[in-house]
Amino acid sequence: FRIGAWRPRNANGKETGPAPLYAGLEQSSNLMTLHLSDMVSMDAMFSVAEASGAWPEGGLFRGPVSMLGASETSLRSLVSGYAGIMAGGRTRASSSIRGHDAGDYVFASQRGAEDVVRMMRGVVTRGTAAGAMRGMNVAIAGKTGTTQDGRDGIFIGMTPSVVVGVWVGRDDNRVPDPPMRGNGIPARIARDVFEGAAA
């Protein structure tokens, strides 16, 4: 699979071939994400990501590398976007011009958002976060994330009442030893937060 001179790969270096969309999400398949963006429309996917609040409007670089997380955003914004997914495709939008709350903003259909939440539950039960979440007494949906060189790891988990985002990395931008992975320390921290909140 090539995009110009760029040859993206999955983190494990393997290509699995055709698979259900939920399986690609569960295993954080970079190649499936890029194939999907080619089929659905990259611009449409960027527009939804920005409308959810996960990135500011116009904040996503319009290129395939952004499909794999190369456009920076804040952890707070990502958590807000995921909260909108859990809320059925609605987010609270504020107006910077008027300076007051603008009410609910619909960025996805409720059915579409519910489908995404179901797939994200698979990430926790069968996918990249399954090891860290095994035996957990709280049912959550989640997503792991890892930078290409293991410099940063992220985990975002959610229930109907709370969304937790954990980012772990060095503030000097060096790669930790061992390299960071979203399904490691970030997922375990999130697990402790969810279980503490449920106690």
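This is a short talk on one sheet, two helices that pack on it, and a nonpolar patch.

Ground rules. The model is predicted, so local features need pLDDT of at least 70 and side-chain atom pairs pLDDT 80 or more, while totals for chains, interfaces and linings use all residues. Numbering starts from 1 along each chain as its sequence is written, and side-chain values use heavy atoms, without hydrogens or water.

Start with the sheet. It is open, with three strands in the order E3-E4-E5, paired antiparallel. Strands here are DSSP E runs of at least two residues, helices H or I runs of at least four, both numbered from the N terminus. Pairing takes at least two DSSP bridges.

Which strands stand at the edges? E3 (141-146) and E5 (163-169): each has a single partner strand, so one side of each lacks a neighbour in the sheet. The twist averages 10 degrees from one strand to the next. Angles run from 0 to 180 degrees between N-to-C directions, with axes fitted to C-alpha atoms, for helices over the stretch in contact.

Now E4, residues 152-158. Seven bridges join E4 to E5. Asp 152 sits opposite Gly 169 in E5.

Next, the helices. H4 (residues 75-86) packs on the sheet and touches E3, E4 and E5, at about 30 degrees to E4. Contact means heavy atoms within 4.5 Å. H7 also packs on the sheet, touching E4 and E5, at about 145 degrees to E5.

Last, Ile 189. Ile 189 lies in H7, residues 185-198. Its relative accessible area is 35%, so Ile 189 counts as partly exposed (buried is under 20%, exposed over 50%, 1.4 Å probe, protein chains only).

How values were computed:
Patches are made of residues with over 30% relative accessible area and no salt bridge: like charges are joined within 9 Å, nonpolar side chains (Val, Leu, Ile, Met, Phe, Trp, Tyr) within 5 Å. Accessible areas come from the Shrake-Rupley method with a 1.4 Å probe; for residues, only the protein chains shown count as cover. A salt bridge is a side-chain nitrogen of Lys or Arg within 4 Å of a carboxyl oxygen of Asp or Glu.
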